[in-house]
Amino acid sequence: MSTETLDPMERLLAERACERLIVEFVRRLDLGDPSSVADLFTPDGVWQWPHGDRRVEGRDALRRYFGSRPKDRLSRRMSTNILVTVDSASEATATSYFATYRIDGYTGGMVPPVLPANVGHYEDTFRKVDGTWLLAGRVTFLPFGGDTVQLGRPDRS
C-alpha cells in the first residue's frame, strides 16, 4: 500500500506512534530501565552502529546489551528533527538527530556541565506488529564522539 492510498488520519497516527517510539527509547535509557528498551523493538529487531561494526539482534540480545550499561552512569539525550515517513500501513522509516550528555561515576546531586559525548543521528525502520508500531531497526551514526567523562578520576585529555 502506498502512502497515497493511506487515509490521512491513519498516516498521522502512524507518524505519531513512530515519533513516540523515538522519544520513549531516549526516556527509557535516561530515566527508566535501560534493558526495557528491547521491548520497543520487534522480536527480530536490530540496533547497529557501523563505526566499530557493532550489531545487536533480537530482543534478548538487546535486553542484555542495553541492560549492561554502568549503574553509575548519568545520561541525558536531546532528540530533535524527527522526520517520519510512512511507507505503508505497516512500514515506516525515520531520521532523527541527537546529542548525548553522559558521565560515569555519578553518585547523586548536580554535577558541572560537560560537553556532549556524542552528536549524531539515527536512521530507523518501523514495522506494525499485531496493531502496534515497533522499531525493526536502528542504525546510529556518530560523526562527533568522545570518551565518557569519568567522575572522580583524572581527566584523560
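Below are some worked exercises on reading this predicted model.

Residues are numbered from 1 along each chain as its sequence is written. As the model is predicted, local features need pLDDT of at least 70, side-chain atom pairs count only at pLDDT 80 or more, and totals for chains, interfaces and linings use all residues, while side-chain values use heavy atoms and leave out hydrogens and water.

**Exercise 1. The overall layout**

Work out how many helices and strands the protein chain has, and in what pattern they follow along the sequence.

Solution.
- Start with the rule: helices (H or I, at least four residues) and strands (E, at least two) are DSSP runs, numbered from the N terminus.
- The protein chain then has two helices and seven strands.
- Reading along the sequence gives α-β-β-α-β-β-β-β-β.
- Along the principal axes, the C-alpha atoms fill a box of roughly 60 × 30 × 30 Å.
- Next comes burial, where buried means under 20% relative accessible area, exposed over 50%, and partly exposed in between (1.4 Å probe, protein chains only). Of the 157 residues, 38% are buried.
- Last come contacts, meaning heavy atoms within 4.5 Å. Among contacts with a separation of 6 or more, 57% join residues 24 or more positions apart.

**Exercise 2. Helix α1**

Check the span of α1 against the expected value, then find what covers its buried residues.

Solution.
- The expected span of a helix is 1.5 Å times one less than its number of residues.
- With 24 residues, α1 should span 34 Å, and its end C-alpha atoms are 34 Å apart, so the two values agree.
- At the start of α1, a side-chain oxygen of Asp-7 comes to within 2.9 Å of the backbone nitrogen of Met-9.
- The buried residues of α1 include Ala-14, Cys-18, Leu-21, Ile-22, Phe-25 and Leu-29.
- Their cover includes β1, α2, β3, β4, β5 and β6.
- Now zoom in on Leu-29, which lies in α1 and has a relative accessible area of 6%, so it is buried.
- Leaving out residues up to four places away in sequence, Leu-29 touches Pro-34, Val-37, Phe-66, Arg-69, Ser-75 and Arg-77.
- For contrast, take Arg-16, also placed in helix α1: its relative accessible area is 44%, so it is partly exposed.

**Exercise 3. The largest pocket**

Describe the largest pocket: what is its volume, and which residues lie nearest its centre?

Solution.
- On a 1 Å grid over the protein atoms alone, a pocket is an open set of points where a 1.4 Å probe fits, with protein on both sides within 12 Å along at least five of seven lines; lining residues have an atom within 4 Å of a point.
- Grid points are joined across faces, edges and corners, and a volume is the space filled by probe spheres set on the points.
- The volume of the largest pocket is about 470 Å³.
- Its lining has 21 residues, with Trp-47, Arg-54, Tyr-65, Arg-77 and Arg-102 nearest the centre.
- Two or more lining residues come from each of α1 (8-31), β1 (41-49), α2 (59-67), β4 (91-104), β5 (118-129) and β6 (132-145).
- To sort the lining, count Ala, Val, Leu, Ile, Met, Phe, Trp, Tyr, Cys and Pro as nonpolar, Asp, Glu, Lys and Arg as charged, and the others, Gly among them, as polar.
- The result is nine nonpolar, seven polar and five charged residues.

**Exercise 4. Strand β4 and a loop**

Decide whether Ile-103 is buried or exposed, and find the side chain with which Thr-148 makes a polar contact.

Solution.
- Ile-103 is in strand β4, and its relative accessible area is 3%, so it is buried.
- Beyond four places away in sequence, Ile-103 touches residues including Leu-74, Val-111, Val-114 and Thr-148.
- Thr-148 sits in the loop between β6 and β7 (149-150) and is buried, at 13% relative accessibility.
- A polar contact is a pair of N or O atoms within 3.5 Å; within protein, one must be able to donate a hydrogen and the other to accept it, and residues adjacent in sequence count only if both atoms are side-chain atoms.
- The side chain of Thr-148 makes such a contact with the side chain of Arg-102, at 2.7 Å.

**Exercise 5. Positive phi**

State where Asn-81 and Asp-130 are found, and give the phi of Asn-81 and of Asp-130.

Solution.
- Asn-81 is in strand β3 (residues 74-86); although not a glycine, Asn-81 has a positive phi of about 50 degrees.
- At 51% relative accessible area, Asn-81 is exposed.
- Asp-130 lies in the loop between β5 and β6, and this non-glycine residue has a positive phi of about 50 degrees.
- Asp-130 is exposed, with 80% relative accessibility.
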